[in-house]
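Trainee: I am new to this structure and would like a close look at a single part. Please take one helix and the contacts around it.

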Amino acid sequence: MAVEHPPAGPATLGTSAGDQSRIHDIGYRGYDGPRLGRAYARRSLYSQSLRGAYGLGRSVKSKVLPMLLFAVMCVPAAIMVAVAVATKAHDLPLAHAYTRYAIVTQAVISLYVAAQAPQAVSRDLRFKTVPLYFSRPIETADYVRAKFAALASALLILTGAPLLVMYVGSLLAKMGFAHQSEQFAQGLVTVALLSLLFAGIGLVIAAVTPRRGFGIAAVIAVLTISYGAVSTLQAIADAQGSAGAVPWIGLFSPVTLIDGVQSAFFGGRSSFPGGVGPSHGEGAVYVLVVLGLIAACYALLIRRYKKVGL
């Protein structure tokens with residue numbers, strides 16, 4: 001609603017201001033619909049972030065890299081299935097393929113995290129829109145959970161799709177149903193842990209800077225340098241006859257952590273020197289460290305966004 005008072009002139013002299021006032025309806029209306037609350041806002045933010053992780057709802061340019069990486073993850077799995085079918089094999093060419101596949105393709109996964117973790121959070125930081133999210137109705141924990149769950153879900157799709165391709169292909173090739181189902185379930189547990197861990201680490205690093213380029217470089221550096229350094233130290237320890245130290249060195253890289261869990265509990269061949277992974281007792285330590293890192297990443301994100309949202 002607006003009230004207009006025309007300027008006084010010869011025609012209006014002697015006329016009261018009230019007689020010349022006009023009321024205009026400019027279309028503002030109150031909202032009397034349902035208040036959907038925090039749960040709806042959290043789901044909406046999760047959905048929007050998950051779609052954005054694959055460029056859906058964004059420009060064609062934004063879809064190229066995630067879709068390309070998704071194809072790179074799935075094509076080798078399809079080739080393995082084709083080879084197994086053509087040779088009438090009783091198992092997939094890669095030993096313990098379901099649990100080891102994510103370890104073998106960890107470079108592709110790291111690149112995906114480096115590209116999408118900054119995309120999930122950097123724009124909000126750069127354009128200072130985070131306080132708007134927290135104005136109402138969501139809180140800091142809702143924002144962090146939605147972003148964390150969205151990136152972890154995107155990673156689970158990326159790493160779980162090849163396993164599904166191998167599983168369906170193996171069943172069509174009439175391989176053992178019970179064996180393939182057991183291996184597939186173990187592989188899903190492995191990639192679920194990997195997705196949570198990599199998503200947490202990627203978001204923590206990306207949330208430090210609003211510059212997407214710096215975030216990408218930092219995530220790549222942390223994931224690749226840590227893996228290279230740990231692998232080198234493991235090789236040195238093994239060469240010097242300190243094989244007992246190899247599993248403990250593996251605690252200092254996200255990739256070797258997941259490798260240790262899958263080799264300790266799912267019988268997969270480890271990428272550690274000599275192909276010998278941690279024992280069950282050492283594997284329990286690996287699981288605790290993985291879960292502790294996931295919880296620590298969540299706590300760091302909460303702390304970070306409480307400061308940003310002020």
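Mentor: What follows describes helix H5 and then the salt bridges, beginning with the one that H5 takes part in.

This is a predicted model, in which local features need pLDDT of at least 70 and side-chain atom pairs count only at pLDDT 80 or more, while totals for chains, interfaces and linings use all residues. Residues are numbered from 1 along each chain as its sequence is written, and side-chain values use heavy atoms, leaving out hydrogens and water.

Helices here are DSSP runs (H or I, at least four residues), numbered from the N terminus. H5 covers residues 106–126, 21 residues in total. From its first C-alpha to its last it reaches 29 Å, close to the 30 Å expected at 1.5 Å a residue; the expected span is 1.5 Å times one less than the number of residues. At Gln119 the helix bends by about 35°, the bend being the angle between axes fitted to the seven residues ending there and the seven starting there. After H5 comes Lys128, with a positive phi near 55°.

Is H5 enclosed or not? Buried means under 20% relative accessible area, exposed over 50%, and partly exposed in between (1.4 Å probe, protein chains only). Because 17 of its 21 residues are buried, H5 is largely enclosed by the rest of the structure. Leu111, which lies in H5, is partly exposed at 37% relative accessibility.

Asp124 of H5 pairs with Lys147 of helix H7. Their side chains meet in a salt bridge at 3.8 Å, N to O; the term means a side-chain nitrogen of Lys or Arg within 4 Å of a carboxyl oxygen of Asp or Glu. The pair ties together parts that are 23 residues apart in sequence. Both ends are buried, Lys147 at 6% relative accessibility and Asp124 at 10%.

By this rule the count comes to four salt bridges. Arg38, Arg42, Glu139 and Asp142 are linked in a network of them. Within it, Asp142 and Arg38 have their closest N and O atoms 2.8 Å apart. That pair links helix H7 with helix H2 across 104 residues. Arg38 also meets Glu139, at 3.9 Å, N to O. Here Glu139 sits in the loop between helix H6 (130–135) and helix H7 (140–172), 101 residues from Arg38 in helix H2 (37–53). Asp142 is buried at 0% relative accessibility, whereas Arg38 at 33% and Glu139 at 44% are partly exposed.

Technical notes:
Helices (H or I, at least four residues) and strands (E, at least two) are DSSP runs, numbered from the N terminus.
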